[in-house]
Amino acid sequence: MDPDSVKSTLQNLAFGNVMAAAARNYQKELLANEKAPATSSVNQEVDLDELMDDPELEKLHADRIAALKKEAEKREALKRKGHGEYREITEGDFLGEVTGTEKAICHFYHQEFYRCKIMDKHLKTLASKHVDTKFIKLDAENAPFFITKLGVKTLPCVIIFRKGVAVDRLVGFQDMGGKDDFSTRALEVVLIKKGIISEKKDEDDEDDGYHEGSRRTVRSSVNLDDSDSD
């Protein structure tokens, strides 16, 4: 073969390899440029105006507003049934009060018993916080039928009702450690464990209990069967 012809062939092959390599590099650059906008868009600032027009966001907002409205309507309906406050009722009102709602707490008390006043103070605080549950109180002296029917022997006695059925009770201060200076939170925890109220996110534990100067209780929990009780 002619040497010049061989040299020319080799030069053509070398040139072809260079062109092929250049073509591959060019293709890589094109691919890199195509990917670049996608990568940079991640770092771009979000247009808040466009975000506010997002139909999914609008739906979430509307759903939240509807849920809040429904909750407010529920609270108002419960308040019309006597929820949200700690109220005194009569024996004649008793059945209607406890059967007319899902959850109710009734404190059977005596006006002269110091521990009943302590329980009153804590239940009044919890009533405004736990609107889902009705909080009421009934003077034991003026409710002899239900005192007997429910087997109330010791005051204070807090009976828990679900749909009008007595499901549990607190007798005296046994569940709160047996002392007079328990906190509202301590009573709240007991009632939460008994399932009659629910835990709230905005806890208020500033109350340290019921104190009235240096006054002491002469009798802690009063047995109604004790003929000497005041």
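Among contacts in the chain between residues at least 6 apart in sequence, what percentage join residues at least 24 apart? The figure is 72%. Keep that in mind as you click around, and remember that you're looking at a predicted model.

**Stop 1: the whole chain**

Start with a cartoon view, coloured from the N terminus on. You should find seven helices and seven strands. Read along the chain, the elements go α-α-α-β-α-β-α-β-α-β-β-β-α-β. Of the 230 residues, 30% count as buried.

**Stop 2: the sheet**

Now show just the strands and pick out the open sheet of five, which is ordered E1-E3-E2-E5-E6 with mixed pairing. Select 86-89 for E1 and 165-171 for E6: these strands stand at the edges, and each has a single partner strand, so one side of each has no neighbour in the sheet. Look across the sheet and you can see the turn from strand to strand, which averages 25 degrees between neighbours, direction ignored.

**Stop 3: strand E3**

Select residues 134-139, which make up E3. How many of the six residues of E3 are buried? Six of the six are, so the strand is largely enclosed by the rest of the structure. Turn on the side chains and they split into two sets: Lys134, Ile136 and Leu138 point one way, while Phe135, Lys137 and Asp139 point the other way. Yes, the lysines and the aspartate in that list are buried too.

Next, bring back the strands that pair with E3. E1 runs parallel to E3, with four bridges between them. Two spots are handy for finding your way along this pairing: Tyr86 has Phe135 as its bridge partner, and Glu88 stands opposite Lys137. Then add residues 103-109, which is strand E2; this strand is also parallel to E3 and is joined to it by six bridges. On the E2 pairing, look for His107, which stands opposite Lys137.

**Stop 4: Lys137 and a ring**

Stay on Lys137, since it has come up twice already: Glu88 stands opposite this lysine, and so does His107. Show Tyr109 as sticks as well. Lys137 lies over the face of that ring, at 5.0 Å from the ring centre.

**Stop 5: the phenylalanines**

Time for the aromatics. The structure holds five aromatic pairs. A pair of aromatic rings is described by the distance of the centres and the angle of the planes. Select Phe94 and Phe161 to begin with: the ring centres are 5.6 Å apart and the planes are at 75 degrees, over the 60 that the label calls for, so this pair is edge-to-face. The two residues come from distant parts of the chain, with Phe94 in helix H4 (residues 91-99), Phe161 in strand E5 (residues 157-162), and their positions 67 residues apart in the sequence. Buried or exposed? Phe94 is buried, at 2% relative accessibility, and Phe161 is buried as well, at 3%.

Now move to Phe145 and Phe146. This pair is edge-to-face too, with 5.1 Å centre to centre and 85 degrees between the planes. Phe146 counts as buried, at 9% relative accessibility.

To see how these rings belong together, select Phe94, Phe108, Phe145, Phe146 and Phe161 in one go: they form one aromatic cluster.

**Stop 6: backbone details around E5**

Zoom in on the backbone before E5. Leu155 and Pro156 are joined by a cis peptide bond, with omega at about 0 degrees. Pro156 sits in the loop between strand E4 (154-155) and E5.

Then go to the loop between E5 and E6, where you'll find Lys163. What is its phi? The value is positive, about 55 degrees, although Lys163 is not a glycine. This lysine is exposed, with a relative accessible area of 59%.

**Stop 7: Asp180 and Arg115**

For the last stop, follow the chain past E6 into the loop that leads to helix H7 (184-193), and select Asp180. At a relative accessible area of 16%, Asp180 falls under the 20% cut-off and so is buried. Add Arg115 and draw a distance between the two side chains: a polar contact of 2.6 Å joins them.

Key:
Residues numbered from 1 in each chain as written. Predicted model: local features only at pLDDT ≥ 70, side-chain atom pairs only at ≥ 80, totals over all residues. Heavy atoms only, no water. Pairing = 2+ DSSP bridges. Axes fitted to C-alpha atoms, helices over the stretch in contact; angles between N-to-C directions. Phe/Tyr/Trp six-rings, centres within 6.5 Å; stacked < 30°, edge-to-face > 60°. Buried < 20%, exposed > 50% of the residue type's maximum accessible area, 1.4 Å probe, protein only. Lys NZ or Arg CZ within 6 Å of the ring centre and 35° of its normal. Polar contact = N/O pair within 3.5 Å; in protein donor to acceptor, adjacent residues only side chain to side chain. Contact = heavy atoms within 4.5 Å.
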